Amino acid sequence: VAAAALPDTVAGSVHLDMRNCNVRDNGADGAAALEAGDGDVTMVVQHSQAAANGGAAFVAAEADDGEIALVVTAVGARANAGACAVALELGAGDATLVATDLRCVGTPQRELVAAEYGAGDLSATLVDVVVRDSTRDGVLLAESDEGSATCTLRGAKSLRAARFGVLLSETADGDLRAALDDVLAKHAGSDGVRAASSGGVGG
C-alpha cells in the first residue's frame, strides 16, 4: 500500500479505515488523514504495519474547528523517521487517541503523540502499548489551550526513551487528569513519568 493521504480544505469530514495494510519505504508519512476545514477526522487502523517511512507511521490531523479521533489496534511500527502514531488537533475541536496492542520501535522523535492546541479537550487511552528506543519522549500527551486532558494508560511500557518515558502536559487553563495502571517506564534519560500543568491541576 502506498502512502495514503486524504486532504480536505472545506467543511467536509474525512474518514480513513485501514485493515491488514502494510505501509513502508514511503518518502513521507505511511498513512495520513488530514482535514483543514471545519469537518471531523476519523482514522481507524487495525492489524497493520508501518516501517521505514520518511515521516510518521500513522497521522490524523485537523486544523480548524472539527474534532479528531485516531484509533489503532494491533499495529506495529518500526524505524520510521517520525512518530509511530500522531493525533493532532489545531483548532477548537476535541482530540481522541485510542491505542490497543501497539508496538513502536526506534524512531528519532517521540513514538506516540496526541496533542490538542485549540480550545478543545484531549482524551487518550493506551492499553497494552510498548514504545522503545525513542530519541525524544516515549509518549507525549499534551493539551495547550483552554481544554482539559484526560489520559489513561494500562499495561503500557516505555523503554529507553532519551528524555521522558511518558510526558503528560497541560499548559493553559484546563485540568490534567491521568490514571496509570500496570505501567513500566524504564531507562529514560529523564523522568520515567512526568505529569505537568501550568494551568489548573485536576488530579
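The structure holds 8 salt bridges. It is a predicted model. The exercises below start from these pairs and then move on to strands, cysteines and one serine.

**Exercise 1. Salt bridge at Arg103**

Task: Find which residue forms a salt bridge with Arg103, and state how far apart the closest N and O atoms are.

Solution.
- Step 1. Take the side-chain nitrogens of Arg103 and look for a carboxyl oxygen within 4 Å.
- Step 2. Asp101 supplies the oxygen, and the closest N and O atoms are 3.7 Å apart.
- Step 3. Check the setting of Arg103. Its relative accessibility is 33%, so Arg103 is partly exposed.
- Step 4. Do the same for Asp101. Its value is 31%, so Asp101 is partly exposed too.
- Step 5. Extend the search. Asp101, Arg103 and Asp128 are linked in a network of salt bridges.

Why can such pairs form? Side chains of opposite charge can pair when their charged atoms come close.

**Exercise 2. A bridge between two loops**

Task: Locate the two ends of the salt bridge between Arg160 and Asp133, and say which parts of the chain the pair ties together.

Solution.
- Step 1. Confirm the pair. The side chains of Arg160 and Asp133 meet at 2.7 Å, N to O.
- Step 2. Place both residues. Arg160 sits in the loop between β14 (157-159) and β15 (166-170), and Asp133 in the loop between β11 (122-132) and β12 (139-143), so the pair ties together parts that are 27 residues apart in sequence.
- Step 3. Classify Arg160. Its relative accessible area is 41%, so Arg160 is partly exposed.
- Step 4. Classify Asp133. Its relative accessible area is 27%, so Asp133 is partly exposed.

**Exercise 3. The pair Arg177 and Asp175**

Task: Give the N to O distance for Arg177 and Asp175. Then decide whether each residue is buried, partly exposed or exposed.

Solution.
- Step 1. The two side chains meet in a salt bridge at 3.2 Å, N to O.
- Step 2. Buried requires under 20% relative accessible area, and exposed requires over 50%.
- Step 3. Arg177 has 38%, so Arg177 is partly exposed.
- Step 4. Asp175 has 23%, so Asp175 is partly exposed.

**Exercise 4. Strands around β11**

Task: List strands that pair with β11, including β9, and give the sense and the number of bridges.

Solution.
- Step 1. Start with β9. β9 and β11 pair in the parallel sense over 10 bridges. Arg103 has Val130 in β11 as its bridge partner.
- Step 2. Go to β13, residues 149-154. β11 and β13 run parallel and are joined by 6 bridges. Ser123 has Thr150 in β13 as its bridge partner.
- Step 3. Go to β14. β11 and β14 run parallel, with 3 bridges. Val130 stands opposite Lys157 in β14.
- Step 4. Combine two of these results. Val130 is the bridge partner of Arg103, and Val130 also stands opposite Lys157.

**Exercise 5. Sorting the cysteines**

Task: How many disulfides does a search of the whole structure find? Identify the disulfide, then examine Cys21 and Cys151.

Solution.
- Step 1. The search finds 1 disulfide.
- Step 2. Cys84 and Cys104 form the disulfide, with sulfur atoms 2.3 Å apart. The cut-off is 2.5 Å.
- Step 3. Read the handedness. The torsion about the S-S bond of Cys84 and Cys104 is about -50 degrees, so the disulfide is left-handed.
- Step 4. Place the ends. Cys84 lies in the loop between β7 (68-78) and β8 (85-89), and Cys104 in strand β9 (residues 95-105), so the pair ties together parts that are 20 residues apart in sequence.
- Step 5. Check burial. Both Cys84 and Cys104 are buried.
- Step 6. Examine Cys21. Cys21 is in no disulfide, and the nearest cysteine sulfur, that of Cys84, is 15 Å away. With 17% relative accessibility, Cys21 is buried.
- Step 7. Examine Cys151. Cys151 is in no disulfide either, and the nearest cysteine sulfur, that of Cys104, is 16 Å away. With a relative accessible area of 1%, Cys151 is buried.

**Exercise 6. The surroundings of Ser48**

Task: Is Ser48 buried or exposed? Which backbone atoms does its side chain reach?

Solution.
- Step 1. Ser48 is placed in strand β5 (residues 41-51).
- Step 2. Its relative accessible area is 1%, so Ser48 is buried.
- Step 3. The Ser48 side chain reaches the backbone oxygen of Gln46 at 2.9 Å.
- Step 4. The Ser48 side chain also reaches the backbone nitrogen of Asn20 at 3.4 Å.
- Step 5. Leave aside neighbours within four places in sequence. Ser48 is then in contact with residues including Met18, Cys21, Phe58 and Gly76.

Note on methods
Residues numbered from 1 in each chain as written. Predicted model: local features only at pLDDT ≥ 70, side-chain atom pairs only at ≥ 80, totals over all residues. Heavy atoms only, no water. Helix = DSSP H or I, 4+ residues; strand = E, 2+ residues; numbered from the N terminus. Buried < 20%, exposed > 50% of the residue type's maximum accessible area, 1.4 Å probe, protein only. Polar contact = N/O pair within 3.5 Å; in protein donor to acceptor, adjacent residues only side chain to side chain. Contact = heavy atoms within 4.5 Å. Pairing = 2+ DSSP bridges.
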